[in-house]
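Reader: Hey, got a minute to walk me through this one? I'd like to know what I can trust before I look at any side chains.
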Amino acid sequence: MTAFKALTRAQWKGFLRDKQTLFWTVLFPLMFLLLFGTLFQNAGAAKSKMVMIGDVAVINQMPQQAKDAWNDLFDVSTTTDRAAALDKVRKGDADAAIEMDGPTILLHYSQADKVKAAVVQGTVSSFVDNVNLALSGKPPALTLKTEQVEDKSLKVIQYLTPGLLGWAVAMGATFGAAMTLVTWRQSKLLRRLRLSPIPTASLVASRTLISIVIAMIQTAIFVGVAMAIFGLKLTGYWWMAIPLIICGTLAFMAIGLLAGAISKTAEAASGLANLIILPMAFLSGSFIPLDGAPSWLTTVSKFLPLGHLNSGMLDVMVRGQGPGAAVQPMLVLLGFAVVVGLIATRLFRWED
């Protein structure tokens, strides 16, 4: 126990004194939270740009309620130059152009952006159907009422925080294990520790404890900044993110040990850790959502530990799911830690 305390105290002091490690582990990921949080703080659905050619009576004569809804969906500009309006749509400067030819409403769109084209066509079609219904004088047989499933106060920061926190924890645990192992091997400290009476279990336990403490500090800073600056709101089971992060730390420590075991220099360990963590962050949705990604890409993300960590934290911190939602991600992360840890053990060497 004395050896464990001494090793833990020494590694903690080393972490606090290493300004580069502090920057890359805590400040660098926090910069991304501040950057994305600021960029998307007031984000909402982008309006479609619509050019109105001449007088389109069906729009100009809308009831006020319908006009307000139209203005919420479209950023409308008016022109009498039909050719110029169509050229804007063709070049992508506008999403659509609308004109009226007698009783016919002509909607011009570009198929270059199929998503925008579909949104504009569907929205305008809905307005035209409602106008026709109003002109017929017949009440609709069915009415549609839409409601958001999440809390109406939900902000983009709710989704950004778990993903960026997962990436920060993954990077801290991986780099911490890899760089420590290589540095100690190069300085012959590992060799001296091996010849000392300190049990190997104490060495591993102290490094694990330090990594978990660092992950908890990252969590406290991320959540605190997101709540204080960007209005993050946690659900009732947010505390389940703590055991999730501990399991994630163990999984990424194993990756770091593997990277450190096969690397001979600190530069090689850093490069290998980057090669593993950075692509995994993109594939796991830490920076950008995978909603529009190809199916094969989303399938690949399910085999990555960071994807399970992000998904589990999102469930318990944002979606309000119970502790059961964290069980499967935790088991996957622990299983990953065991398998990769065993591989790292087989490749581990005390000295070059």
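Author: Sure. pLDDT is the predictor's confidence in each residue, from 0 to 100. This is a predicted model, and the mean pLDDT of the protein chain is 83, with 88% of its residues at 70 or more.

Reader: OK, and where does pLDDT stay under 50?
Author: Over residues 146-153, for which the model has three contacts beyond four places in sequence. Where pLDDT is low, the predicted coordinates should not be read in detail.

Reader: Fair enough. Now the packing: which residues touch the most other members of the largest nonpolar core?
Author: Leu33, Trp167, Leu244, Phe252 and Met313, out of 50 residues in that core. Elements that give two or more residues to this core include α2 (19-39), α7 (156-186) and α14 (324-347). The largest share comes from α7, with eleven residues.

Reader: What about a second core?
Author: There's a separate one of 13 residues, and Phe74, Ala96, Ile98 and Val124 are among them.

Reader: Back to Trp167. Buried or exposed?
Author: Trp167 has 2% relative accessibility, so it counts as buried. Leaving aside neighbours within four places in sequence, its contacts include Phe28, Pro29, Phe32, Ile277 and Phe287.

Reader: I like rings. How many aromatic pairs does the structure hold?
Author: Eleven. In one of them, Trp167 and Phe287 sit edge-to-face, 5.0 Å centre to centre with 65° between the planes. That pair links distant parts of the chain, 120 residues apart: Trp167 is in helix α7, while Phe287 is in the loop between α11 and α12 (295-301).

Reader: Why does Phe287 count as buried, if it's in a loop?
Author: Because its relative accessibility is 12%, and buried means under 20%.

Reader: Which residues do ring pairs link into a cluster?
Author: Phe23, Phe28, Phe32, Phe36, Trp167, Phe282 and Phe287.

Reader: Switching topic: where does His108 lie?
Author: In strand β4, which covers residues 104-109. His108 counts as buried because its relative accessibility is 18%, and the cut-off is under 20%.

Reader: And what does the His108 side chain join in a polar contact?
Author: The side chain of Glu99, at 2.8 Å. Beyond four places in sequence, His108 is also in contact with Arg82, Leu86, Val89, Asp95, Ala96 and Ala97. Ala96 came up before, as one of the residues in the second core.

How values were computed
Residues are numbered from 1 along each chain as its sequence is written. This is a predicted model: local features need pLDDT of at least 70, side-chain atom pairs count only at pLDDT 80 or more; totals for chains, interfaces and linings use all residues. Side-chain values use heavy atoms; hydrogens and water are left out. Helices (H or I, at least four residues) and strands (E, at least two) are DSSP runs, numbered from the N terminus. Buried means under 20% relative accessible area, exposed over 50%, partly exposed in between (1.4 Å probe, protein chains only). A polar contact is a pair of N or O atoms within 3.5 Å; within protein, one must be able to donate a hydrogen and the other to accept it, and residues adjacent in sequence count only if both atoms are side-chain atoms. Contact means heavy atoms within 4.5 Å. A nonpolar core is a set of buried Ala, Val, Leu, Ile, Met, Phe, Trp, Tyr and Cys residues joined through side-chain atoms within 4.5 Å. Rings of Phe, Tyr and Trp (its six-membered ring) pair if their centres lie within 6.5 Å; planes under 30 degrees apart count as stacked, over 60 as edge-to-face and the rest as tilted.
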